[in-house]
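Thanks for coming, everyone. I'd like to walk you through a structure that is new to most of us, so let's put it up on the screen.

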Amino acid sequence: MAAILQARHLRKEYPRVVAVDDVSFEVAEGICFGLLGPNGAGKTTTVEIIEGVTPATSGEVYYCGRPADARFREEAGIQFQNTALQDHITVLETLQMFQALYDRHADLEHIIAECSLRDLLHRDNRKLSGGQRQRLLLAVALVNEPRIVFLDEPTTGLDPQARRNFWELVNRIREDGTTIILTTHYMDEAQILCDEIAIMDAGRIIAIGNPTELLHRQYSNAIVELPLADVKGKLSISHKVLETQGLIEIATDDVNAVLQQLSQQAVGLNRLRIRQPNLEDLFLDLTGHSLRA
Amino acid sequence: MFKRIYAVFRARNLEFLRDRGTLSWNIVLPFALMFGLSFIFSGDRPQYTVGILQPADANPQPFMETRYVEFVAVDDETAGLRKVARHQLDLLVSFTPPARYWVNPDSARGYFAELALLQAGTTGPLTKVSIQGEAVRYVDWVLPGILAMNMMFSCLFGVGYVVVRYRKNGFLKRLRATPLRAIEFAIAQVASRLVLIIAITVLVYAGTSWLLDTRMDGSYFALFAVALLGCVTLISLGLLIAARVTSEELAGGLLNLAAWPMMLLSGVWYSLESASEWVRQLANAFPLTHVLSAARAIMLDGATLGEVLPQLLVLALMSAAFLGIAAGIFRWRAT
């Protein structure tokens with residue numbers, strides 16, 4: 001599928017830090033593309049350069065094969081990480097105001113239904129809960145029937161149920177054919193929603209591709225997890241062992257052999273867990289530090 | 001409890017002290033006001049105002065040496081006579097032969113100014129001409145000032161503060177991500193505030209006029225045009241001040257910097273006729289001076305729209321400049 005968006009050699013320098021360092025990628029139309037990385041990795045700066053709200057020190061952004069211009073602004077929907085809305089204005093008035101700023105108009109009734117805002121239409125913006133507010137901000141991002149939507153950390157601060165509801169909503173938008181650019185530091189969110197991801201650290205892209213393919217490319221094994229407290233003394237084992245957050249993780253392509261060695265060393269296996277490597281493991285392997293650091 | 005109070009107290013102090021712009025402003029403003037006022041109002045204030053019809057006689061006149069009299073050059077005899085009739089000038093004197101002076105017999109200050117003139121004597125014969133006319137009540141004179149002052153504060157702070165708040169909380173950044181341009185945002189702000197302020201000003205004017213039977217010698221249409229253009233200019237100034245500022249406290253300081261000199265020097269409370277030349281020149285740089293000059297000319301002197309055209313042109317030019325610069329340097333983001 002043709003690329004709807006291309007970022008070429010983006011760089012953003014501040015007086016004492018390089019926030020984005022030679023970032024290039026392209027996004028095919030209709031997919032959900034995730035920018036994954038810890039706080040401060042440069043995800044938000046990267047998308048804000050693409051959105052046109054932060055000027056790049058160097059680099060170019062192309063939309064539908066042409067430099068991003070007024071057409072991009074007209075056809076893009078954006079949900080920032082933190083956006084205040086006007087006080088004393090209702091949900092419906094907010095949607096109507098933002099819709100009036102575009103020539104392209106989505107069916108407002110459809111958006112209201114899609115984002116479950118029907119019961120909130122006449123509520124003051126100040127009286128919305130975190131989840132309701134995020135749904136409104138997403139609806140605002142959709143009022144111009146965008147071909148591409150940017151969602152910057154959309155579920156940060158939401159409770160687990162609200163997060164899951166938001167994921168369903170994002171999936172429905174993608175099913176309508178809209179391209180989604182999602183930045184997140186939640187690897188489960190990226191794994192569930194994204195067709196393709198770019199992992200960022202310290203302003204650079206360190207891995208890019210389909211999440212499953214990236215994991216398959218990096219790992220052919222499983223991970224055996226044990227609580228650190230269950231291992232008495234020093235563990236002597238012929239596999240890669242990592243201690244992290246109160247756990248011992250043993251990466252192996254022969255789980256039976258690991259279990260046998262653990263039994264021989266009288267390690268309790270009641271709380272043992274075997275799992276497949278995930279994006280957090282990948283990030284840890286690629287950078288040497290945790291995604292949540 | 002005190003520990004918590006101290007923690008909040010300390011954090012707020014640090015926030016304030018590290019906001020260099022606001023801190024500097026809090027120190028500079030009172031100094032500037034004190035120095036400015038002491039300079040403007042230094043020396044003995046004149047007690048009487050006497051108009052000298054131009055061209056003035058070349059011979060030195062003893063009366064011109066009289067203390068506590070402010071001598072004002074008057075180019076237009078008709079305008080000078082109107083001021084004598086309305087007690088705005090205590091005397092009008094022409095030393096050019098045949099020398100004459102005009103006085104309102106109903107004016108107490110005119111009586112004393114006339115005594116001073118006759119005691120000082122003149123180099124030639126002097127003819128007295130009496131002019132009748134009611135004094136312009138202070139309430140009639142000050143009404144345009146109060147309306148304009150209210151308009152000014154509402155325009156400057158109503159727009160300036162709001163724009164800075166929008167910038168700080170990210171609402172402007174969100175608007176930036178839409179096709180909306182800075183000039184469109186600025187025009188929308190001007191229009192929104194304009195409608196509200198004009199409605200309030202009309203309401204206050206109508207109420208005051210009804211309760212105090214204030215004077216209105218000109219056309220309401222002309223007055224409305226002056227109010228409309230004055231509002232646009234002051235809102236544009238508010239937008240210009242708020243175009244790049246990211247701190248509400250600094251914005252407050254800058255807005256006060258614009259508002260206070262206008263309140264003191266634009267003739268809101270007292271006439272600038274007896275002020276020194278440089279004060280009058282400085283006052284001409286303020287939009288409020290032109291609003292008040294035009295409004296008083298219409299309300300008190302019955303001036304037509306054509307007669308206040310110079311003031312309207314200055315206001316239109318100021319509006320275009322303020323709005324254009326504000327749109328050019330406008331900053332959408334706080335950082």
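Let's begin with how confidence varies along chain B. This is a predicted model, and among the elements of chain B, helix α2, residues 20–40, comes out with the lowest mean pLDDT, at 65. At the other end of the scale is helix α8 of chain B, residues 220–241, with the highest mean, 94. Taken as a whole, chain B averages a pLDDT of 84, and 87% of its residues reach 70 or more. For the model, the scores are ipTM 0.79 and pTM 0.72.

Okay, so where do the two chains touch? On one side we have 15 residues of chain A, and they're in contact with 11 residues of chain B. Which element of chain A gives the most to that side? That's helix α2 of chain A, residues 70–75, which puts in 3 residues. If you sort the chain A side by class, you get 9 nonpolar residues, 3 polar and 3 charged.

Now over to the sheet in chain A. There are 4 strands here, forming an open sheet, and the order goes β2-β1-β4-β5, with antiparallel pairing. The edges are β2, at 17–28, and β5, at 66–67, each of them pairing on one side only. Look inside the sheet and you'll find β1, residues 3–14, running antiparallel to β4, residues 58–63, with 5 bridges joining the two in chain A. If you want a spot to click on, try A:Arg8, which stands opposite A:Glu60 in β4(A).

And what lies across this sheet? Helix α1 of chain A, residues 43–51, lies across β1, β2 and β4 of chain A, and runs at about 120 degrees to β1(A).

Last stop: a pair of helices, still in chain A. Here we have α5, residues 130–142, and α6, residues 160–175, whose axes come within 10 Å and cross at roughly 15 degrees. Anything under 35 degrees counts as roughly parallel, so that's what we call α5(A) and α6(A). The crossing of α5(A) past α6(A) is right-handed.

Who's meeting whom? From α5(A) we have A:Gly130, A:Gly131, A:Gln134 and A:Leu138, and they meet A:Ala162, A:Asn165, A:Phe166 and A:Leu169 in α6(A). Split that contact by class and there are 4 nonpolar residues, 4 polar and no charged ones.

That's my tour, so over to you for questions.

Conventions
Residues are numbered from 1 along each chain as its sequence is written. Chains are lettered from A and ligands numbered from 1 in the order in which they are written. This is a predicted model: local features need pLDDT of at least 70, side-chain atom pairs count only at pLDDT 80 or more; totals for chains, interfaces and linings use all residues. Axes are lines fitted to C-alpha atoms, for helices over the stretch in contact, and angles run from 0 to 180 degrees between N-to-C directions. Angles under 35 degrees count as roughly parallel, over 145 as roughly antiparallel, 65 to 115 as roughly perpendicular and the rest as oblique. A crossing is left-handed if the near helix is turned anticlockwise from the far one by less than a right angle, and right-handed if clockwise. Two residues are in contact if their C-beta atoms, placed from the backbone, lie within 7 Å. Ala, Val, Leu, Ile, Met, Phe, Trp, Tyr, Cys and Pro count as nonpolar, Asp, Glu, Lys and Arg as charged, and the others, Gly among them, as polar. Two strands pair if DSSP finds at least two bridges between them. pLDDT is the predictor's confidence in each residue, from 0 to 100.
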